[in-house]
Amino acid sequence: MTTSIVLSPLTTRSHRATLSLRTLAVTLIGAFALLLQAVAADARGAPESFADLAERFSPAVVNITTTTVVKTSTDLTPIVPEGSPFQDFFEEFMNRNGQGFGQPQRPRKSQALGSGFVISEDGYIVTNNHVIEGADEIEIEFFEKFTLPAKLVGTDPKTDIALLKVESDEPLKFVSFGDSDVARVGDWVMAMGNPLGQGFSVSAGIISQRGRALSGIYDDFIQTDAAINRGNSGGPLFNMDGEVIGVNTAILSPNGGSIGIGFSMASNVVSKVVDQLREFGETRRGWLGVRIQNVSDDVAEAMGLAAAKGALVTDVPEGPSKEAGLQSGDVIVSFDNKEIEDPDALVRTVGDTEVGKAVRVTVFRDGKTKTLMVTLGRREDAENTSMPQDGGSPVAPKSVELMGLTLQPLNDELREQLGVPAGANGLAVLEVDETTEAFEKGLRAGDVITEAGQEKVTTVADLEARIEAARDAGRNTVLLLVRRSGEPRFVAIGVN
């Protein structure tokens, strides 16, 4: 027997109502979830469009055209025999280029294009140094299609930044610097400029990475995938608040075009440089007056440091640090109450510090820390100091082999060959076994070892004693102070 169930009309309507309510609830939940996603996306700064930003800030972005007079040879053009088959060719070529045949060549003008942006209503403009370097004339084209001549206020080749000035009868539209330190990887950014001479152009992307270093000691580049091409140099990189957080400077490309790896100098570097150029027409960076190197793991072990960080002082020439009592072999772990992770951090921190300021410098010395007060000098004043030059390769009749090194105490002949000052002491490296750790660590013939275990060495016996002392102290390495062409560095070599 088959049993069938028939739903009454009332039951059917109730079921349909229930299904409708459930469907409505699911729909509302889905819509609410989409709304939350949209709100979250908006909170993260993901824009629906860049049009408002582009419209608002484009008037502050400029195209820069530079003109350089290129001097050409004043020699006469080639002289060919009368009636020679080449005579007609040379005459036609020279006349086509506006130069009489057989006459001295005239100077010609060369033009280059770049970008920049206005930072004040009275006409200060920021761009890259390489955009205007060597220019005889600088012309600024504004978004509203008028042009003004510009004069150079100052440059900083170390950060590739230049400051220009134009005179305008009307206040100019300008943009402001933002805080690049709060920018995060993944944030949206917008680049503006004059790519490939095409005129005002906008591109957008995200911050791919921060803290990139290319070649300079003050590098702090923001990497972005926003399209940046030749001609974008000197243009601004905006955040979503319309603040300039970078100056577009370079690209990484195998073909000269954008492949999504562009670099903008961080605004917190640029703004300090611009302030100094505006006030002084030049940069004024703090100078500590020491030569430094990285603290590697083996160097840290040799010195008894708990961690491989800080900046290891290799030499203290005449200057602020020597006057304050810093010594070769000190490890700078703190500067002006800021912890120092590595030499690059020290260089940037010192450079950002006011010239003439007295700062606390904490060093690790002889197993404990010591704090010294140093009054900073000016780096630019110290950069012209001449350094000893290499005098040649060593040749010596007597030597001793140790740790893969062929060594001999310095004598007058070796000092002359190596360009070492008279009276200097140490061990000259005559040869280095290429299969040894010493060679892997970069020691080469011509180097001079002046210290081992942070004590001076003048004989091979001194070095052997320092090696034994390191072993007795349970250390696996001995720290050598090595000089090459007058430049010192520390190298840790295994003693077991």
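Which residues of α12 are buried? Hold that thought for a moment, and hello everyone. A word of caution before we start: what you see is a predicted model.

Back to the helix. The buried residues of α12 are Val 460, Leu 463, Ile 467 and Ala 470. They cover an arc of only 80 degrees around the axis, so they sit on the same side of α12. And what lies over them? The cover for these buried residues includes β21 (400-402), β22 (405-409), β23 (427-432), β24 (448-452) and β26 (477-484).

The length of the helix also works out nicely. With 13 residues, running from 460 to 472, α12 should span 18 Å at 1.5 Å a residue, and its end C-alpha atoms are indeed 18 Å apart, which agrees. After α12 comes Gly 474, and its phi is positive, near 80 degrees.

Now let me zoom out to the chain as a whole. We have 496 residues, of which 42% are buried. The protein chain holds 12 helices and 27 strands. If you take the contacts with a separation of 6 or more, 62% of them come from residues 24 or more positions apart. As for the surface, the chain exposes about 26900 Å², and carbon and sulfur atoms supply 50% of that.

With that background, let's visit three buried residues, one by one.

Start with Val 361, which you will find in strand β18. How accessible is Val 361? Its relative accessibility is 0%, so Val 361 counts as buried. Setting aside residues up to four places away in sequence, Val 361 touches Leu 288, Leu 326, Ile 332, Ser 334, Phe 335, Lys 370, Thr 371, Leu 372 and Val 374. Please also look at Met 373: it is 12 residues from Val 361 along the chain, and the two C-alpha atoms are separated by 6.2 Å.

Next comes Gln 293, in strand β14, which covers residues 291-293. Gln 293 has a relative accessible area of 14%, and because the limit for buried is under 20%, Gln 293 falls in that class. Where does its side chain go? The side chain of Gln 293 reaches the backbone nitrogen of Phe 490, at 2.2 Å. Phe 490 is also among the residues that Gln 293 touches, and the others, again leaving out residues up to four places away in sequence, are Ala 311, Leu 312, Thr 314, Pro 343 and Arg 489.

The third one is Ser 267, which has its place in helix α5. At 1% relative accessibility, Ser 267 counts as buried. Its contacts, leaving aside neighbours within four places in sequence, are Phe 177, Gly 178, Asp 179, Ser 180, Val 244, Ile 245 and Gly 246.

Let's stay with helix α5 and turn to charges. Lys 272 and Asp 352 meet through their side chains in a salt bridge, with 3.4 Å from N to O. This pair links distant parts of the chain: Lys 272 is in helix α5 (residues 267-280), Asp 352 is in the loop between α8 (343-351) and β18 (358-365), and they are 80 residues apart. You will recognise β18 as the strand that holds Val 361. Are the two partners buried, exposed or in between? Lys 272 is partly exposed, with a relative accessible area of 41%, and Asp 352 is partly exposed too, with 48%.

How many salt bridges does the model have? The count comes to 23. Let me show you two others. Arg 184 and Asp 187 form a salt bridge through their side chains, at 3.9 Å from N to O. Here Arg 184 counts as exposed, at 56% relative accessibility, whereas Asp 187 counts as partly exposed, at 22%.

Then there is the pair of Glu 437 and Lys 441, whose side chains meet in a salt bridge at 2.8 Å, N to O. Glu 437 is partly exposed, with a relative accessible area of 31%, and Lys 441 is partly exposed as well, at 27% relative accessibility. Elsewhere, salt bridges that share partners join Glu 282, Arg 284, Arg 378, Glu 380 and Asp 381 into one network.

That is my tour, from the buried side of α12 to the network around Glu 282 and Arg 378. Thanks for listening, and I'm happy to go back to any of these spots on the screen.

Definitions and conventions: Residues are numbered from 1 along each chain as its sequence is written. This is a predicted model: local features need pLDDT of at least 70, side-chain atom pairs count only at pLDDT 80 or more; totals for chains, interfaces and linings use all residues. Side-chain values use heavy atoms; hydrogens and water are left out. A salt bridge is a side-chain nitrogen of Lys or Arg within 4 Å of a carboxyl oxygen of Asp or Glu. Buried means under 20% relative accessible area, exposed over 50%, partly exposed in between (1.4 Å probe, protein chains only). Helices (H or I, at least four residues) and strands (E, at least two) are DSSP runs, numbered from the N terminus. Contact means heavy atoms within 4.5 Å. A polar contact is a pair of N or O atoms within 3.5 Å; within protein, one must be able to donate a hydrogen and the other to accept it, and residues adjacent in sequence count only if both atoms are side-chain atoms. The expected span of a helix is 1.5 Å times one less than its number of residues. The arc is that of the directions from the helix axis to the C-beta atoms. Accessible areas come from the Shrake-Rupley method with a 1.4 Å probe; for residues, only the protein chains shown count as cover.
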